[in-house]
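Colleague: I have a model open and I'd like to learn how to read it feature by feature. Could you walk me through it?

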Amino acid sequence: KADGSMRDALSILDQLASFANHQIRYNEVINSLNVLDVNHYFNLTDTFLAGDLIQALLAFDDILKKGFDAHHFVSGLLKHFRDLLVCKDEKTLKLLEAGDSVRQKYKEQADKADPSFLFKALDIANECDIYFKSSKNQRLHVELMLMKLCNIHTEKKNLVAEDANFQPEVVEEERPPLKKETPVPKVETTKRDLKADKTSQEYKSPSSVSIKDALKKINQTK
């Protein structure tokens, strides 16, 4: 609440001590300073991880009935998501400004939330924070943020189910059509062809004719 100012912190502490008769208790402090208990953010994050929209809307309604400012709630939720992301790694755990008991709660919830959820949640909450003042219906604006946060878990389940049911389509490779072999026409040998072939084989060229023998045959006929 003091936003880093030691003088403002001491002034607030003095006012709380006077208000509580020098017996300062946690619940009285958060009520006096209008500070939303961090447990609200832990419980709401569990509803986001479970995708329980009804419980998230009822929790936000209860926060408004207690007199907390809706914009203050959004900025606190945005910081909560940032702290959870910081707790995902031991090296950045030192960036979390909290006591040991609260730090342990952050670590346990960070283990249940995967980085993709936290990145998406930070983006949704940051968008709600930016456009809160320009919204004409601020309550609906915050409720829309809660709907989106609860839907992160549902979208992830749908993607997992789609991946499980996905069956790749088998595409048959097109092959060129086989060339049909042209049948060789069968040559039928007829009897006439066989006879002509036989005659040609038996044919012999005539021998030369002697003139002397021809004259001799003519004389004999006479």
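Modeller: Below we go from the overall fold to the core, the pocket and a few single residues. Keep in mind that this is a predicted model.

Colleague: Let's begin with the fold. How many helices and strands does the protein chain have?

Modeller: Secondary structure comes before anything else. Here the protein chain has 10 helices and zero strands, so the pattern along the sequence is simply α-α-α-α-α-α-α-α-α-α.

Colleague: And what share of the contacts joins residues at least 24 apart?

Modeller: Take contacts between residues at least 6 apart in sequence: in this chain, 65% of them join residues at least 24 apart. As for burial, 26% of the 222 residues count as buried.

Colleague: Next, the core. What's the general idea?

Modeller: In soluble globular proteins, nonpolar side chains tend to be buried together. In this model the largest nonpolar core holds 38 residues, and those touching the most other members are Phe48, Phe73, Phe81, Val142, Met145 and Leu149. Two or more residues each come from α3, α4 (53-65), α5, α6, α7 (115-130) and α8 (138-165). Helix α5 provides the largest share of this core, eight residues.

Colleague: Pick one of those. Which residues does Phe73 touch, not counting residues up to four places away in sequence?

Modeller: With those set aside, Phe73 touches Leu36, Tyr41, Leu44, Phe60, Ile63, Val142, Met145 and Leu146.

Colleague: Tyr41 is on that list. Is Tyr41 buried or exposed?

Modeller: The cut-off for buried is under 20% relative accessible area. Tyr41, in helix α3, has 6% relative accessibility and therefore counts as buried. Beyond four places in sequence, Tyr41 touches Leu36, His72, Phe73, Gly76, Leu77 and His80. For His80 there is also a C-alpha to C-alpha distance: 6.8 Å from Tyr41, with their positions 39 residues apart in sequence.

Colleague: Do polar groups get buried in that helix too, and why does Thr45 count as buried?

Modeller: Thr45 sits in α3 and counts as buried because its relative accessibility is 0%. Look at where the side chain goes: it reaches the backbone oxygen of Tyr41 at 2.7 Å. Aside from neighbours within four places in sequence, Thr45 is in contact with His80, Phe81, Leu84 and Gln109.

Colleague: What about a charged residue, say Asp83? Which side chain does the side chain of Asp83 make a polar contact with?

Modeller: With a buried acid, it's worth looking for a partner. Asp83 belongs to helix α5 and is buried, at a relative accessible area of 1%. Its side chain makes a polar contact with the side chain of Arg82, at 2.8 Å. Leaving out neighbours within four places, Asp83 is in contact with Leu96 and Tyr106.

Colleague: Now the pocket. How much space lies in the largest pocket, and which residues lie nearest its centre?

Modeller: For a pocket, I'd go through volume, lining and chemistry in turn. The largest pocket holds about 930 Å³ of space. Its lining has 29 residues, and Lys1, Val35, Leu36, Lys79 and Glu97 lie nearest the centre. The elements giving two or more residues are α1 (6-19), α2 (26-32), α3 (38-50), α5 (70-86) and α6 (100-112). Helix α5 gives the most, with seven residues. By type, the lining divides into 15 nonpolar, seven polar and seven charged residues.

Colleague: So far we've mostly met buried residues. Is Phe19 buried or exposed?

Modeller: Phe19, in helix α1, counts as exposed because its relative accessibility is 61%, and the cut-off for exposed is over 50%. Its C-alpha is 8.9 Å from that of Ser32, 13 residues apart in sequence.

Colleague: And the category in between?

Modeller: Two examples will do. Tyr131, in the loop between α7 and α8, is partly exposed, with a relative accessible area of 46%. Gln138, in helix α8, is also partly exposed, with a relative accessible area of 34%.

Colleague: Which residues does Gln138 touch, not counting residues up to four places away in sequence?

Modeller: On that count, Gln138 touches Phe132 and Lys133. For a C-alpha distance, take His71: it is 67 residues from Gln138 along the chain, and the two C-alpha atoms are separated by 8.5 Å.

Notes: Residues are numbered from 1 along each chain as its sequence is written. This is a predicted model: local features need pLDDT of at least 70, side-chain atom pairs count only at pLDDT 80 or more; totals for chains, interfaces and linings use all residues. Side-chain values use heavy atoms; hydrogens and water are left out. On a 1 Å grid over the protein atoms alone, a cavity is a set of points where a 1.4 Å probe fits but cannot get out, and a pocket is an open set with protein on both sides within 12 Å along at least five of seven lines; lining residues have an atom within 4 Å of a point. Grid points are joined across faces, edges and corners, and a volume is the space filled by probe spheres set on the points. Helices (H or I, at least four residues) and strands (E, at least two) are DSSP runs, numbered from the N terminus. Ala, Val, Leu, Ile, Met, Phe, Trp, Tyr, Cys and Pro count as nonpolar, Asp, Glu, Lys and Arg as charged, and the others, Gly among them, as polar. A nonpolar core is a set of buried Ala, Val, Leu, Ile, Met, Phe, Trp, Tyr and Cys residues joined through side-chain atoms within 4.5 Å. Buried means under 20% relative accessible area, exposed over 50%, partly exposed in between (1.4 Å probe, protein chains only). Contact means heavy atoms within 4.5 Å. A polar contact is a pair of N or O atoms within 3.5 Å; within protein, one must be able to donate a hydrogen and the other to accept it, and residues adjacent in sequence count only if both atoms are side-chain atoms.
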